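Here's a quick briefing to read with the model open beside you. Take it topic by topic and click along as you go.

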Amino acid sequence: QVQLVESGGGLVQAGGSLRLSCAASGSISSINAMGWYRHAPGNQRELVATITSGGSTSYAESVKGRFTISRDNAKNTVYLQMNSLKPEDTAVYYCKVVVTTYYSAKLTYWGQGTQVTVSS
């Protein structure tokens, strides 16, 4: 069974930085796309950033220029470097990983979420 372990969330001051990580383990043949979503109270869940197996990235307009998504294929891990954090970045951040199983199926897994709180 595939497990996702998220870490790196916490409380930071505006203008500060955090680095989120999401490590996948279990019955994985390969990892395809990986991404980060966030959900703040009163808002819809929104896509923050994605990275394909080939390394192509995309970002929400609200975070472009401040956040960087990357991956370490050897560690089956995706990262989200968040700089110049703003209070509006406060949310629960969820890791999303699309994997290819040993029986050649593509399945999507979600992490449990990690809280990011940015104070004024």
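K96 sits in strand β9 of what is a predicted model. With a relative accessibility of 22%, K96 is classed as partly exposed, because the buried label is kept for values under 20%. From there, the tour moves along β9 to T100 and then over to a sheet of four strands.

**K96 and its surroundings**
- Skipping anything up to four places away in sequence, K96 touches A33, M34, G35 and Y37, and also T108, Y109 and W110.
- One of those partners, Y37, is also a polar one: its side chain and the side chain of K96 make a polar contact at 3.4 Å.
- If you're wondering about M82, it is 14 residues from K96 along the chain, and the C-alpha atoms of the two are separated by 17 Å.

**T100, further along β9**
- Strand β9 covers residues 91–100, and T100 is part of it.
- T100 counts as buried because its relative accessibility is 13%, and the cut-off for buried is under 20%.
- Leave out the neighbours within four places in sequence, and T100 is in contact with I28, S29, S30 and N32, plus A105 and K106.

**The four-stranded sheet**
- This is an open sheet with antiparallel pairing, and its strands come in the order β1-β3-β8-β7.
- At the edges you'll find β1 (3–7) and β7, each of which pairs on one side only.
- On average, and ignoring direction, neighbouring strands here are turned by 15° against each other.
- Starting from the β1 edge, β1 and β3 run antiparallel and are joined by 5 bridges, with Q3 standing opposite S25 of β3.

**β8 and its two partners**
- Strand β8 takes in residues 77–82, and 5 of its 6 residues are buried, so the strand is mostly covered.
- On one side, β8 pairs with β3 (residues 18–25) in the antiparallel sense, over 6 bridges.
- Its other partner is β7 (residues 67–72), again antiparallel and joined to β8 by 6 bridges.
- L80 is a handy landmark in β8: L20 stands opposite it, and I69 stands opposite it too.
- β7 and β8 also make a hairpin with 4 residues between them, and N76 in that turn has a positive phi of about 50°.

**Worth keeping in mind as you look**
- Side chains in a regular strand alternate between the two faces of the sheet.

Key
Residues numbered from 1 in each chain as written. Predicted model: local features only at pLDDT ≥ 70, side-chain atom pairs only at ≥ 80, totals over all residues. Heavy atoms only, no water. Helix = DSSP H or I, 4+ residues; strand = E, 2+ residues; numbered from the N terminus. Buried < 20%, exposed > 50% of the residue type's maximum accessible area, 1.4 Å probe, protein only. Contact = heavy atoms within 4.5 Å. Pairing = 2+ DSSP bridges. Polar contact = N/O pair within 3.5 Å; in protein donor to acceptor, adjacent residues only side chain to side chain. Axes fitted to C-alpha atoms, helices over the stretch in contact; angles between N-to-C directions.
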